[in-house]
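Student: Please choose a single part of this model and take me through it closely, with its surroundings. I would like one connected account rather than a list.

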Amino acid sequence: MPKGYWVSVYRTISDPEKLAAYNKLAPPAVKAGGGRVLARGGRVVAHESGIAERTVLIEFDSFEQAVAAHESAAYQKALVALSDGVERDFRIVEGID
């Protein structure tokens, strides 16, 4: 079964306090959903139209698990805390076998 991945690229961070509130709530929600953080906020080299900003990569055992974790009540609470504090490109992608 292919793994699932959350890929987040932060275009701008307009409210660091909202991001900090999100960062308190999101990790436990991700862990409870079976997610494992592979990359978070490290060095980025962007090419073409890419943005060299904060990037987060989280792995799940399946695409369905990744979708369910995003829809969970705990993660939705984290999103409310984040609200308009950032502009980011967030995707859930399916890996290959």
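Tutor: A strand here is a DSSP run of E covering at least two residues, with strands numbered from the N terminus. With that in mind, and remembering that the model is predicted, let us look at strand β1, which holds serine 8. Serine 8 counts as buried because its relative accessibility is 5%, and buried means under 20%. Beyond its neighbours within four places in sequence, serine 8 is in contact with Arg54, Thr55 and Val56, and also with Arg88, Asp89 and Phe90.

Tryptophan 6 also lies in strand β1, and with a relative accessible area of 2% it is buried. A search of the whole structure finds four aromatic pairs. In one of them, the ring centres of tryptophan 6 and phenylalanine 60 are 5.2 Å apart and the planes stand at 45°, so this pair is tilted. The pair joins distant parts of the chain, since phenylalanine 60 sits in strand β3, 54 residues away from tryptophan 6; phenylalanine 60 is itself buried, at a relative accessible area of 0%. Tryptophan 6 also pairs edge-to-face with phenylalanine 90, at 5.3 Å from centre to centre and with 70° between the planes. This second link runs from β1 to strand β4 across 84 residues, and phenylalanine 90, at 23%, is partly exposed. Together with Tyr22 and Tyr75, these three residues, Trp6, Phe60 and Phe90, form one aromatic cluster.

Tyrosine 10 has a wide set of partners: not counting residues up to four places away in sequence, it touches Leu19, Tyr22, Ile51, Glu53, Arg54, Val56, Val86, Glu87 and Arg88. One of these partners, arginine 54, places its charged end over the ring of tyrosine 10, 5.5 Å from the ring centre.

Both Trp6 and Tyr10 are among the residues with the most contacts inside the largest nonpolar core, which has 16 residues. The elements that give two or more residues to this core are β1, α1, β3, α2 and α3, and α1 gives the largest share, five residues.

The last of those helices, α3, ties back to our strand. Its residues Tyr75, Ala78 and Leu82 are buried, and seen down the axis of α3 the buried residues fall within an arc of 50°, so they line one face of the helix. The covering over them includes β1, alongside α1, α2 and β4, whereas the face turned away from that buried side carries the exposed residues Ala73, Lys77 and Val80.

Conventions:
Residues are numbered from 1 along each chain as its sequence is written. This is a predicted model: local features need pLDDT of at least 70, side-chain atom pairs count only at pLDDT 80 or more; totals for chains, interfaces and linings use all residues. Side-chain values use heavy atoms; hydrogens and water are left out. Buried means under 20% relative accessible area, exposed over 50%, partly exposed in between (1.4 Å probe, protein chains only). Helices (H or I, at least four residues) and strands (E, at least two) are DSSP runs, numbered from the N terminus. The arc is that of the directions from the helix axis to the C-beta atoms. Contact means heavy atoms within 4.5 Å. A nonpolar core is a set of buried Ala, Val, Leu, Ile, Met, Phe, Trp, Tyr and Cys residues joined through side-chain atoms within 4.5 Å. Rings of Phe, Tyr and Trp (its six-membered ring) pair if their centres lie within 6.5 Å; planes under 30 degrees apart count as stacked, over 60 as edge-to-face and the rest as tilted. A charge sits over a ring if NZ of Lys or CZ of Arg is within 6 Å of the ring centre and within 35 degrees of the ring normal.
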